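Colleague: Could you take me through one part of this model in detail, and then place that part within the rest of the chain? A connected account would suit me well.

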Amino acid sequence: MLKNLVNGLHVSKVDGLAKTFQRTGRIGFWTQIVMGAFPVLLMLYVFTFSGSVTGPRQGLPIVSYLSAMNLLLLVFVMFWFSRYPALGRKIADPTLRPSEGSVTRTVWIGLIASSVGIIFSILVMLIEVAQMLFYFLAAPQGGVPTIQTTPTSLGGSWVSAVDFASLMALVMALAAEVLATVFGLWLLFRTTHTYESLED
């Protein structure tokens, strides 16, 4: 009787973990799709009305590399979240159930990718905001002219709406990566908690 009760509790906990993976995987994937599509739509809107997605200000080359790597990481994390529902179905099936090490390793890969994406987003934002700050500090303190015809000492021209649109896109990408990290930490906690209770 007691053994049946313990087995029932274990099955209930495993089913709960499986449903958590399926639900979190779907929510995380679609949320990242929406939040990742917003920067693309924003830059298409800017390109439609300005004819350029870079703006008149000359940026640093490292920003382009970091932005490209950040975008690739965001796509990878989206792909990784799309795998979680299938992993949840395997956890629910006693014949296919992976070990704790295999499940935690899968979650850790997603966590590391989203964390590196957060670092890249923060670096790009810090570089871009610092560069715009220097532009504004070099301008007359009474205000910033709408059109600046003389190049600044930084080698570019003026700060435009495109610069702020790209920062908005970075903020949305950062929000998607932070959300992926939170979901990943939640899945890691649920996995270790469930598997530890199965061993007791």
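**A close look at Val 171**

Modeller: Happy to! Val 171 counts as partly exposed, with a relative accessibility of 39%. Please keep in mind that this is a predicted model. Val 171 lies in helix α5, and the helix covers residues 161-199. Together with Phe 38 and Met 168, Val 171 makes a nonpolar surface patch of about 240 Å². A value of 39% fits that role, because patches are made of residues with over 30% relative accessible area. Of the patch members, Phe 38 falls within the residue range 2-50 of helix α1, while Met 168 falls within the range 161-199 of helix α5.

Let us stay with helix α5 and turn to Thr 194, which also has its place there. Here the picture is a buried one: the relative accessible area of Thr 194 is 3%. This residue counts as buried because its value is under 20%. Leaving aside residues up to four places away in sequence, Thr 194 touches Lys 13, Val 14 and Leu 17.

Helix α5 also comes into the surroundings of Leu 74, a residue of helix α2 (residues 61-82). Leu 74 is buried, at a relative accessible area of 6%. Its contacts, again without residues up to four places away in sequence, are Gln 32, Gly 36, Ala 173, Ala 176 and Glu 177. With Ala 176 the separation along the sequence is 102 residues, yet the C-alpha atoms are 8.0 Å apart in space.

Helix α2 has another residue worth a visit, Ser 82. At 35% relative accessibility, Ser 82 is partly exposed, whereas Leu 74 is buried. Between the C-alpha atoms of Ser 82 and Ile 27 there are 9.6 Å, and the two residues are 55 positions apart along the chain.

From there we can move to helix α4, which spans residues 100-138 and holds Thr 106. Thr 106 counts as buried, with a relative accessibility of 15%. Beyond residues up to four places away in sequence, Thr 106 touches Trp 80, Tyr 84 and Leu 87.

The surface has a charged area as well. Lys 19, Arg 23, Arg 26 and Arg 89 form a positive surface patch. Helix α1 (residues 2-50) supplies three residues, the largest share of this patch. Arg 89, in turn, has its place in helix α3 (residues 84-92).

Now for the chain as a whole. The protein chain has five helices and zero strands, and the order from the N terminus on is α-α-α-α-α. Among the 200 residues, 40% are buried; Leu 74, Thr 194 and Thr 106 are examples of buried residues. The accessible surface comes to about 11600 Å², and carbon and sulfur atoms account for 72% of that area. As for contacts with a separation of 6 or more, 88% are between residues 24 or more positions apart. The contact of Leu 74 with Ala 176 is one with a long reach in sequence, at 102 residues.

To come back to your starting point, Val 171 is a partly exposed residue of helix α5 that shares a nonpolar surface patch with Phe 38 and Met 168. On that same helix, Thr 194 is buried.

Methods:
Residues are numbered from 1 along each chain as its sequence is written. This is a predicted model: local features need pLDDT of at least 70, side-chain atom pairs count only at pLDDT 80 or more; totals for chains, interfaces and linings use all residues. Side-chain values use heavy atoms; hydrogens and water are left out. Helices (H or I, at least four residues) and strands (E, at least two) are DSSP runs, numbered from the N terminus. Buried means under 20% relative accessible area, exposed over 50%, partly exposed in between (1.4 Å probe, protein chains only). Contact means heavy atoms within 4.5 Å. Accessible areas come from the Shrake-Rupley method with a 1.4 Å probe; for residues, only the protein chains shown count as cover. Patches are made of residues with over 30% relative accessible area and no salt bridge: like charges are joined within 9 Å, nonpolar side chains (Val, Leu, Ile, Met, Phe, Trp, Tyr) within 5 Å. A salt bridge is a side-chain nitrogen of Lys or Arg within 4 Å of a carboxyl oxygen of Asp or Glu. Lys and Arg count as positive and Asp and Glu as negative; His and the chain ends are not counted. The place of a charge is taken as NZ of Lys, CZ of Arg, CG of Asp or CD of Glu.
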